[in-house]
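The following exercises are meant for a reader who meets this structure for the first time. Please work through each task before reading its solution.

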Amino acid sequence: MVCGFGSLQLWHNLGDGTFAEVAAEYGLLSGDWNVTVAAGDFKRDGFVDLYIVTYANWKPDLKQLCKNDQGLRDICGPTLYPGTRDRMFENTGAGFQDTSEASHLVPKNRGLGIVTADIDDDGFLDAMVVNDVEENQLYFGDSSGVFTECGVLSGVAYSNTGEREGSMGIDLGDFDRDGRPDLWYTNYTQQDNSLLKNFSDRGFLHSADTVGLSGVSRPWVGFGTGFADFDCDGWEDLFVINGHVAYERRDSPYYQPPQLFRNEQGQRFVDVSSQGGPYFSLRWSGRGAAETDWNDDGAIDLIVVHQNDPVAVLTNLHTAKHWIRVNLVGTTSDRSAVGAKVTVEAGDRTNTRWKCGGGNYLSHSDSRQLFILPEERPADVTVKWLGGRTEVFANLIPESTHTLIEGRGQHVTP
(Lines give C-alpha, C1' and ligand atoms only; values in the text may rest on other atoms or scores of the structure.)
Protein backbone atom coordinates (compact mmCIF):
# COMPACT_ATOMS: atom_id res chain seq x y z
CA MET A 1 0.00 0.00 0.00
CA VAL A 2 1.48 3.36 -1.08
CA CYS A 3 0.05 6.74 -0.12
CA GLY A 4 0.69 9.89 -2.14
CA PHE A 5 -0.60 13.28 -3.19
CA GLY A 6 -3.79 12.86 -5.20
CA SER A 7 -3.94 9.07 -5.30
CA LEU A 8 -3.38 5.71 -3.64
CA GLN A 9 -1.59 2.64 -4.96
CA LEU A 10 -2.19 -0.96 -3.95
CA TRP A 11 0.42 -3.37 -5.28
CA HIS A 12 -0.95 -6.91 -5.38
CA ASN A 13 1.61 -9.70 -5.09
CA LEU A 14 1.05 -12.10 -7.98
CA GLY A 15 3.17 -14.82 -6.38
CA ASP A 16 5.68 -15.03 -9.23
CA GLY A 17 8.02 -12.24 -8.18
CA THR A 18 5.94 -9.50 -9.80
CA PHE A 19 3.27 -7.05 -8.64
CA ALA A 20 0.20 -5.49 -10.25
CA GLU A 21 -1.20 -2.09 -9.23
CA VAL A 22 -4.91 -2.63 -8.43
CA ALA A 23 -6.04 0.32 -6.25
CA ALA A 24 -8.78 1.53 -8.62
CA GLU A 25 -9.93 -2.02 -9.32
CA TYR A 26 -10.46 -2.58 -5.59
CA GLY A 27 -12.15 0.77 -4.95
CA LEU A 28 -9.23 2.55 -3.25
CA LEU A 29 -9.77 6.02 -4.67
CA SER A 30 -8.74 9.22 -2.90
CA GLY A 31 -7.81 12.52 -4.53
CA ASP A 32 -6.61 13.97 -1.23
CA TRP A 33 -3.09 14.45 0.08
CA ASN A 34 -2.79 10.88 1.39
CA VAL A 35 -0.02 10.63 3.97
CA THR A 36 0.13 7.24 5.65
CA VAL A 37 -1.91 4.10 6.27
CA ALA A 38 -2.77 1.78 9.16
CA ALA A 39 -4.14 -1.64 8.32
CA GLY A 40 -6.28 -3.73 10.67
CA ASP A 41 -9.55 -5.58 11.07
CA PHE A 42 -11.56 -2.73 12.59
CA LYS A 43 -14.94 -4.47 12.25
CA ARG A 44 -13.49 -7.82 13.33
CA ASP A 45 -15.11 -9.63 10.42
CA GLY A 46 -11.94 -11.34 9.21
CA PHE A 47 -11.09 -8.78 6.53
CA VAL A 48 -8.30 -6.23 6.84
CA ASP A 49 -9.54 -2.63 6.54
CA LEU A 50 -7.45 0.46 5.78
CA TYR A 51 -7.34 3.78 7.64
CA ILE A 52 -5.74 6.45 5.41
CA VAL A 53 -4.41 9.56 7.15
CA THR A 54 -4.79 12.66 4.98
CA TYR A 55 -3.14 16.07 5.33
CA ALA A 56 -4.25 19.45 3.98
CA ASN A 57 -6.38 20.77 1.15
CA TRP A 58 -3.37 22.05 -0.78
CA LYS A 59 -2.75 22.56 -4.49
CA PRO A 60 0.31 23.94 -6.31
CA ASP A 61 0.19 27.71 -6.71
CA LEU A 62 3.16 29.41 -8.36
CA LYS A 63 1.86 32.82 -7.34
CA GLN A 64 1.72 32.09 -3.62
CA LEU A 65 4.77 33.56 -1.87
CA CYS A 66 5.66 32.72 1.74
CA LYS A 67 8.66 34.14 3.60
CA ASN A 68 10.43 33.01 6.74
CA ASP A 69 11.64 35.09 9.68
CA GLN A 70 14.68 36.20 7.68
CA GLY A 71 12.54 37.55 4.84
CA LEU A 72 13.57 34.73 2.51
CA ARG A 73 11.18 32.66 0.41
CA ASP A 74 10.53 29.35 2.13
CA ILE A 75 7.79 26.77 2.58
CA CYS A 76 4.27 27.91 3.47
CA GLY A 77 3.00 26.96 6.92
CA PRO A 78 0.21 24.42 7.45
CA THR A 79 -2.28 26.87 8.94
CA LEU A 80 -2.73 28.45 5.49
CA TYR A 81 -4.52 25.30 4.33
CA PRO A 82 -7.59 23.62 5.85
CA GLY A 83 -7.45 19.96 6.73
CA THR A 84 -9.36 17.16 5.01
CA ARG A 85 -11.27 14.18 6.36
CA ASP A 86 -9.21 11.02 6.82
CA ARG A 87 -10.37 7.99 4.84
CA MET A 88 -11.64 4.69 6.19
CA PHE A 89 -11.86 1.93 3.59
CA GLU A 90 -13.85 -1.09 4.72
CA ASN A 91 -12.83 -4.40 3.21
CA THR A 92 -15.90 -6.19 1.83
CA GLY A 93 -14.01 -9.30 0.79
CA ALA A 94 -14.35 -8.35 -2.87
CA GLY A 95 -12.86 -4.84 -2.61
CA PHE A 96 -13.03 -1.72 -0.49
CA GLN A 97 -15.74 0.83 0.14
CA ASP A 98 -15.25 4.31 1.56
CA THR A 99 -16.97 4.47 4.97
CA SER A 100 -15.20 7.60 6.24
CA GLU A 101 -18.36 9.53 7.02
CA ALA A 102 -20.29 6.50 8.31
CA SER A 103 -17.35 5.68 10.61
CA HIS A 104 -17.75 9.14 12.22
CA LEU A 105 -14.28 10.39 11.36
CA VAL A 106 -13.97 14.11 12.11
CA PRO A 107 -14.80 16.35 9.11
CA LYS A 108 -11.27 17.69 8.75
CA ASN A 109 -7.82 17.39 10.27
CA ARG A 110 -4.23 17.77 9.11
CA GLY A 111 -3.06 14.27 9.94
CA LEU A 112 0.55 13.10 9.90
CA GLY A 113 0.73 10.08 12.21
CA ILE A 114 -1.38 7.16 13.36
CA VAL A 115 -1.05 4.14 15.61
CA THR A 116 -3.75 1.50 16.06
CA ALA A 117 -4.14 -1.05 18.86
CA ASP A 118 -6.79 -2.26 21.30
CA ILE A 119 -6.04 0.62 23.64
CA ASP A 120 -9.02 0.19 25.98
CA ASP A 121 -8.77 -3.63 25.99
CA ASP A 122 -12.36 -4.25 24.84
CA GLY A 123 -11.56 -6.52 21.89
CA PHE A 124 -11.78 -3.90 19.12
CA LEU A 125 -9.16 -1.80 17.38
CA ASP A 126 -8.76 1.86 18.33
CA ALA A 127 -6.78 4.59 16.55
CA MET A 128 -4.72 7.53 17.78
CA VAL A 129 -4.21 10.20 15.09
CA VAL A 130 -1.80 13.11 15.57
CA ASN A 131 -2.19 16.28 13.54
CA ASP A 132 -0.28 19.35 12.41
CA VAL A 133 -1.52 22.36 14.43
CA GLU A 134 -4.89 20.67 15.00
CA GLU A 135 -6.26 18.83 18.00
CA ASN A 136 -5.43 15.11 18.00
CA GLN A 137 -8.06 12.37 17.73
CA LEU A 138 -8.43 9.19 19.75
CA TYR A 139 -10.99 6.91 18.13
CA PHE A 140 -12.43 3.96 20.06
CA GLY A 141 -13.91 1.17 17.96
CA ASP A 142 -16.79 -1.24 18.56
CA SER A 143 -18.71 -3.99 16.75
CA SER A 144 -20.71 -1.52 14.64
CA GLY A 145 -17.63 -0.22 12.85
CA VAL A 146 -18.48 3.29 14.04
CA PHE A 147 -15.81 5.17 16.00
CA THR A 148 -16.34 7.20 19.14
CA GLU A 149 -13.89 10.12 19.13
CA CYS A 150 -12.63 10.87 22.66
CA GLY A 151 -9.47 12.93 22.18
CA VAL A 152 -10.51 15.73 24.52
CA LEU A 153 -12.10 13.46 27.14
CA SER A 154 -9.08 11.13 27.12
CA GLY A 155 -6.56 13.96 27.53
CA VAL A 156 -4.71 13.52 24.21
CA ALA A 157 -6.18 16.30 22.03
CA TYR A 158 -3.91 19.13 23.21
CA SER A 159 -0.59 19.71 24.94
CA ASN A 160 -0.38 19.95 28.73
CA THR A 161 -0.82 23.73 28.30
CA GLY A 162 -3.85 23.43 26.03
CA GLU A 163 -1.94 24.10 22.80
CA ARG A 164 -2.59 22.58 19.38
CA GLU A 165 0.71 20.88 18.64
CA GLY A 166 2.50 20.30 15.34
CA SER A 167 2.76 16.53 15.67
CA MET A 168 4.48 14.04 13.36
CA GLY A 169 5.82 10.69 14.59
CA ILE A 170 3.93 8.45 17.02
CA ASP A 171 4.34 5.16 18.87
CA LEU A 172 2.66 3.07 21.55
CA GLY A 173 4.49 1.20 24.31
CA ASP A 174 4.68 0.55 28.05
CA PHE A 175 7.51 2.70 29.39
CA ASP A 176 6.69 2.06 33.07
CA ARG A 177 5.83 -1.67 32.71
CA ASP A 178 2.43 -1.38 34.34
CA GLY A 179 0.71 -3.40 31.60
CA ARG A 180 -1.13 -0.40 30.10
CA PRO A 181 -0.38 1.09 26.65
CA ASP A 182 1.24 4.53 26.83
CA LEU A 183 1.47 6.98 23.91
CA TRP A 184 4.40 9.03 22.64
CA TYR A 185 4.56 11.49 19.77
CA THR A 186 6.97 14.12 18.44
CA ASN A 187 6.22 17.80 17.85
CA TYR A 188 7.39 20.97 16.12
CA THR A 189 10.12 23.28 17.33
CA GLN A 190 9.43 25.25 20.53
CA GLN A 191 7.10 22.45 21.66
CA ASP A 192 8.01 19.54 23.90
CA ASN A 193 7.48 16.05 22.60
CA SER A 194 4.53 14.39 24.31
CA LEU A 195 4.53 11.33 26.58
CA LEU A 196 1.03 10.28 27.61
CA LYS A 197 0.82 7.86 30.52
CA ASN A 198 -2.19 5.59 30.53
CA PHE A 199 -3.91 5.66 33.92
CA SER A 200 -7.21 3.99 32.94
CA ASP A 201 -8.74 2.24 29.94
CA ARG A 202 -9.47 5.54 28.20
CA GLY A 203 -7.57 8.13 30.25
CA PHE A 204 -4.11 9.61 29.66
CA LEU A 205 -1.95 12.10 31.52
CA HIS A 206 0.81 14.25 29.99
CA SER A 207 3.98 13.05 31.71
CA ALA A 208 7.01 14.35 29.77
CA ASP A 209 7.77 16.92 32.45
CA THR A 210 7.72 14.32 35.24
CA VAL A 211 10.24 11.94 33.61
CA GLY A 212 12.90 14.36 32.37
CA LEU A 213 11.67 14.86 28.80
CA SER A 214 10.61 18.49 29.15
CA GLY A 215 12.78 20.96 27.22
CA VAL A 216 15.29 18.41 25.90
CA SER A 217 13.89 18.42 22.33
CA ARG A 218 12.31 21.87 22.25
CA PRO A 219 14.74 23.41 19.70
CA TRP A 220 14.13 20.60 17.21
CA VAL A 221 11.41 19.33 14.86
CA GLY A 222 10.74 15.66 15.63
CA PHE A 223 9.74 13.11 12.99
CA GLY A 224 10.60 9.39 13.17
CA THR A 225 10.40 8.06 16.71
CA GLY A 226 9.54 5.07 18.84
CA PHE A 227 9.91 2.96 21.95
CA ALA A 228 12.68 0.34 21.82
CA ASP A 229 14.86 -1.38 24.40
CA PHE A 230 18.20 -0.42 22.85
CA ASP A 231 20.42 -1.21 25.86
CA CYS A 232 18.76 -4.59 26.45
CA ASP A 233 17.87 -3.99 30.10
CA GLY A 234 14.15 -4.77 29.90
CA TRP A 235 12.97 -1.14 29.81
CA GLU A 236 11.76 0.62 26.66
CA ASP A 237 13.98 3.54 25.65
CA LEU A 238 13.10 6.29 23.16
CA PHE A 239 14.66 7.65 19.99
CA VAL A 240 13.77 10.79 18.00
CA ILE A 241 14.86 11.61 14.46
CA ASN A 242 14.90 15.40 14.00
CA GLY A 243 15.04 17.76 11.02
CA HIS A 244 13.38 21.04 10.10
CA VAL A 245 10.97 21.51 7.20
CA ALA A 246 11.98 25.14 6.60
CA TYR A 247 15.39 25.82 5.09
CA GLU A 248 16.34 29.13 6.68
CA ARG A 249 15.05 29.96 10.14
CA ARG A 250 16.62 31.97 12.94
CA ASP A 251 15.16 29.87 15.75
CA SER A 252 16.00 26.37 14.50
CA PRO A 253 18.37 25.02 11.78
CA TYR A 254 17.40 22.74 8.91
CA TYR A 255 19.87 19.99 9.86
CA GLN A 256 19.31 18.73 13.39
CA PRO A 257 20.73 16.10 15.77
CA PRO A 258 18.99 12.76 16.40
CA GLN A 259 18.37 11.86 20.03
CA LEU A 260 18.46 8.79 22.28
CA PHE A 261 16.83 8.64 25.71
CA ARG A 262 17.58 5.81 28.14
CA ASN A 263 14.71 4.61 30.31
CA GLU A 264 15.75 4.37 33.95
CA GLN A 265 13.29 1.79 35.28
CA GLY A 266 10.20 3.71 34.23
CA GLN A 267 10.99 6.65 36.49
CA ARG A 268 13.06 8.91 34.26
CA PHE A 269 14.54 9.25 30.77
CA VAL A 270 18.15 10.41 30.37
CA ASP A 271 19.59 11.89 27.17
CA VAL A 272 22.37 9.50 26.08
CA SER A 273 22.66 10.77 22.49
CA SER A 274 26.40 11.42 22.99
CA GLN A 275 26.84 7.67 23.53
CA GLY A 276 24.88 6.69 20.44
CA GLY A 277 27.80 6.48 18.02
CA PRO A 278 28.91 8.55 15.00
CA TYR A 279 25.42 8.97 13.54
CA PHE A 280 24.19 10.67 16.71
CA SER A 281 27.14 13.07 16.73
CA LEU A 282 26.08 14.67 13.41
CA ARG A 283 23.09 16.65 12.20
CA TRP A 284 20.62 15.40 9.61
CA SER A 285 17.41 16.22 7.78
CA GLY A 286 15.69 13.30 9.51
CA ARG A 287 12.27 11.99 8.50
CA GLY A 288 11.16 8.34 8.63
CA ALA A 289 12.56 5.57 10.81
CA ALA A 290 11.92 1.85 11.19
CA GLU A 291 12.91 -0.47 14.02
CA THR A 292 14.12 -3.95 13.15
CA ASP A 293 16.61 -6.55 14.32
CA TRP A 294 18.06 -6.94 10.83
CA ASN A 295 20.88 -9.28 11.90
CA ASP A 296 18.71 -11.33 14.29
CA ASP A 297 21.06 -10.97 17.25
CA GLY A 298 18.36 -9.92 19.72
CA ALA A 299 19.20 -6.18 19.73
CA ILE A 300 16.98 -3.61 17.98
CA ASP A 301 18.56 -1.76 15.03
CA LEU A 302 17.32 1.32 13.17
CA ILE A 303 16.86 2.28 9.53
CA VAL A 304 16.49 6.04 9.00
CA VAL A 305 15.52 8.00 5.88
CA HIS A 306 16.36 11.65 5.34
CA GLN A 307 15.26 14.56 3.19
CA ASN A 308 17.62 14.62 0.15
CA ASP A 309 20.25 12.44 1.84
CA PRO A 310 21.00 8.70 1.75
CA VAL A 311 19.36 6.13 4.01
CA ALA A 312 21.22 5.24 7.22
CA VAL A 313 21.30 1.69 8.59
CA LEU A 314 22.23 1.80 12.29
CA THR A 315 23.37 -1.49 13.81
CA ASN A 316 22.95 -1.79 17.57
CA LEU A 317 26.27 -2.73 19.19
CA HIS A 318 24.70 -3.69 22.52
CA THR A 319 24.66 -7.40 23.23
CA ALA A 320 21.42 -9.06 24.19
CA LYS A 321 22.48 -12.01 26.30
CA HIS A 322 19.04 -13.56 26.57
CA TRP A 323 16.03 -12.78 24.43
CA ILE A 324 13.00 -14.25 22.73
CA ARG A 325 11.20 -13.16 19.57
CA VAL A 326 7.64 -14.03 18.59
CA ASN A 327 5.90 -13.82 15.24
CA LEU A 328 2.11 -13.80 15.59
CA VAL A 329 -0.22 -15.46 13.08
CA GLY A 330 -3.95 -14.99 13.51
CA THR A 331 -6.54 -17.55 12.40
CA THR A 332 -9.85 -16.38 13.88
CA SER A 333 -8.45 -12.84 14.03
CA ASP A 334 -6.75 -11.46 10.92
CA ARG A 335 -3.55 -13.17 9.86
CA SER A 336 -1.28 -10.23 10.71
CA ALA A 337 -2.73 -10.21 14.26
CA VAL A 338 -2.86 -6.42 14.57
CA GLY A 339 -4.48 -5.65 17.93
CA ALA A 340 -2.98 -8.58 19.83
CA LYS A 341 -1.42 -8.03 23.26
CA VAL A 342 1.70 -10.06 24.10
CA THR A 343 3.01 -10.55 27.64
CA VAL A 344 6.22 -12.38 28.55
CA GLU A 345 6.83 -13.52 32.10
CA ALA A 346 10.38 -14.56 32.94
CA GLY A 347 11.89 -14.58 36.43
CA ASP A 348 10.60 -11.54 38.30
CA ARG A 349 10.06 -9.53 35.08
CA THR A 350 6.87 -8.99 33.10
CA ASN A 351 6.98 -7.16 29.76
CA THR A 352 4.03 -6.31 27.52
CA ARG A 353 3.94 -5.36 23.84
CA TRP A 354 1.07 -4.60 21.49
CA LYS A 355 0.94 -5.62 17.82
CA CYS A 356 0.16 -2.22 16.30
CA GLY A 357 -0.89 -0.90 12.95
CA GLY A 358 0.73 2.28 11.70
CA GLY A 359 3.20 3.89 14.10
CA ASN A 360 6.36 5.95 13.68
CA TYR A 361 6.41 8.47 10.79
CA LEU A 362 5.67 7.30 7.22
CA SER A 363 7.43 4.03 8.08
CA HIS A 364 6.63 0.45 9.04
CA SER A 365 8.76 -1.35 11.59
CA ASP A 366 9.48 -5.05 12.08
CA SER A 367 6.20 -6.81 12.91
CA ARG A 368 7.89 -9.38 15.15
CA GLN A 369 7.86 -8.78 18.91
CA LEU A 370 11.27 -8.88 20.63
CA PHE A 371 11.64 -9.33 24.39
CA ILE A 372 14.78 -9.21 26.54
CA LEU A 373 14.94 -11.98 29.16
CA PRO A 374 16.62 -11.63 32.58
CA GLU A 375 18.03 -15.16 32.48
CA GLU A 376 18.61 -18.07 30.14
CA ARG A 377 15.48 -20.04 30.92
CA PRO A 378 12.44 -20.96 28.85
CA ALA A 379 9.77 -18.27 28.94
CA ASP A 380 5.98 -18.34 29.00
CA VAL A 381 4.28 -16.04 26.49
CA THR A 382 0.65 -15.00 26.88
CA VAL A 383 -1.18 -13.71 23.80
CA LYS A 384 -4.52 -11.95 24.01
CA TRP A 385 -5.74 -11.96 20.44
CA LEU A 386 -8.02 -9.26 19.10
CA GLY A 387 -11.48 -10.28 20.26
CA GLY A 388 -10.38 -11.50 23.68
CA ARG A 389 -9.21 -15.09 23.19
CA THR A 390 -6.22 -15.58 25.50
CA GLU A 391 -3.63 -18.34 25.13
CA VAL A 392 -0.38 -19.28 26.84
CA PHE A 393 2.54 -20.63 24.84
CA ALA A 394 4.70 -22.24 27.51
CA ASN A 395 8.40 -22.99 27.83
CA LEU A 396 9.62 -21.21 24.70
CA ILE A 397 13.36 -21.57 24.20
CA PRO A 398 15.37 -18.31 24.44
CA GLU A 399 17.60 -16.90 21.69
CA SER A 400 15.02 -18.08 19.16
CA THR A 401 12.17 -16.79 17.04
CA HIS A 402 8.86 -18.56 17.63
CA THR A 403 5.83 -18.43 15.34
CA LEU A 404 2.73 -18.40 17.55
CA ILE A 405 -0.43 -19.44 15.72
CA GLU A 406 -3.81 -18.54 17.16
CA GLY A 407 -5.56 -21.64 18.46
CA ARG A 408 -2.42 -23.67 19.13
CA GLY A 409 -1.65 -22.36 22.60
CA GLN A 410 -3.20 -23.34 25.92
CA HIS A 411 -6.52 -21.52 26.23
CA VAL A 412 -6.90 -19.39 29.34
CA THR A 413 -10.37 -18.64 30.71
CA PRO A 414 -10.72 -14.97 31.73
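The exercises below concern a predicted model and proceed from the whole chain to single residues.

**Exercise 1. The chain as a whole**

Task: Determine what secondary structure the protein chain has and whether its radius of gyration is close to or far from that of the globule rule.

Solution. Step 1: the secondary structure amounts to one helix and 32 strands. Step 2: the radius of gyration is 21 Å, and the globule rule gives 22 Å for 414 residues; the two values are close, so the chain is as compact as a globular protein of that length. Step 3: the C-alpha trace spans about 65 × 50 × 45 Å along its principal axes. Step 4: of the 414 residues, 53% are buried. Step 5: when contacts between residues at least 6 apart in sequence are considered, 54% of them join residues at least 24 apart. Step 6: the chain exposes about 17,900 Å², of which carbon and sulfur atoms supply 50%.

**Exercise 2. The largest nonpolar core**

Task: State how many residues the largest nonpolar core has and which of them have the most contacts inside it.

Solution. Step 1: this core has 20 residues. Step 2: those with the most contacts inside it are Phe 230, Phe 239, Tyr 279, Val 304 and Leu 314. Step 3: two or more residues each come from β18 (237–242), β22 (301–306), β23 (309–314) and β28 (369–372). Step 4: for Phe 239, with neighbours within four places in sequence left aside, the contacts include Trp 184, Phe 230, Leu 260, Ala 289 and Leu 302.

**Exercise 3. Strands around β22**

Task: Identify in which sense β22 pairs with β21 and with β23.

Solution. Step 1: β21 (residues 286–292) and β22 are antiparallel, with five bridges. Here Gly 286 has His 306 of β22 as its bridge partner. Step 2: β22 and β23 are also antiparallel, with four bridges between them. In this pair, His 306 is bridged to Asp 309 of β23. Step 3: the hairpin of β22 and β23 has two residues between the strands, and Asn 308 in this hairpin takes a positive phi near 60°.

**Exercise 4. An open sheet**

Task: For the open sheet of three strands, give the strand order and explain why one side of each edge strand is left without a neighbour.

Solution. Step 1: the order is β28-β24-β31, and the pairing is mixed. Step 2: β28 and β31 (401–405) are the edge strands; each has a single partner strand, so one side of each has no neighbour in the sheet. Step 3: neighbouring strands of this sheet are turned against each other by 25° on average, direction ignored. Step 4: β24 (residues 323–329) and β31 are parallel over five bridges, and Asn 327 has Thr 403 in β31 as its bridge partner.

**Exercise 5. Two residues with positive phi**

Task: Decide whether Ala 337 is buried or exposed, and whether Glu 399 is buried or partly exposed.

Solution. Step 1: most residues other than glycine have a negative phi. Step 2: Ala 337 has a positive phi near 65° and is found in the loop between β24 and β25 (341–346). Its relative accessibility is 2%, so Ala 337 counts as buried, the limit being under 20%. Step 3: Glu 399 has a positive phi near 55° and lies in the loop between β30 (390–396) and β31. With a relative accessible area of 29%, Glu 399 is partly exposed.

Conventions. Residues numbered from 1 in each chain as written. Predicted model: local features only at pLDDT ≥ 70, side-chain atom pairs only at ≥ 80, totals over all residues. Heavy atoms only, no water. Core = buried A, V, L, I, M, F, W, Y, C linked by side-chain atoms within 4.5 Å. Buried < 20%, exposed > 50% of the residue type's maximum accessible area, 1.4 Å probe, protein only. Contact = heavy atoms within 4.5 Å. Pairing = 2+ DSSP bridges. Axes fitted to C-alpha atoms, helices over the stretch in contact; angles between N-to-C directions. Rg over C-alpha atoms; globule rule 2.2 N^0.38 Å. Areas by Shrake-Rupley, 256 points an atom, 1.4 Å probe, with all protein chains shown as cover.
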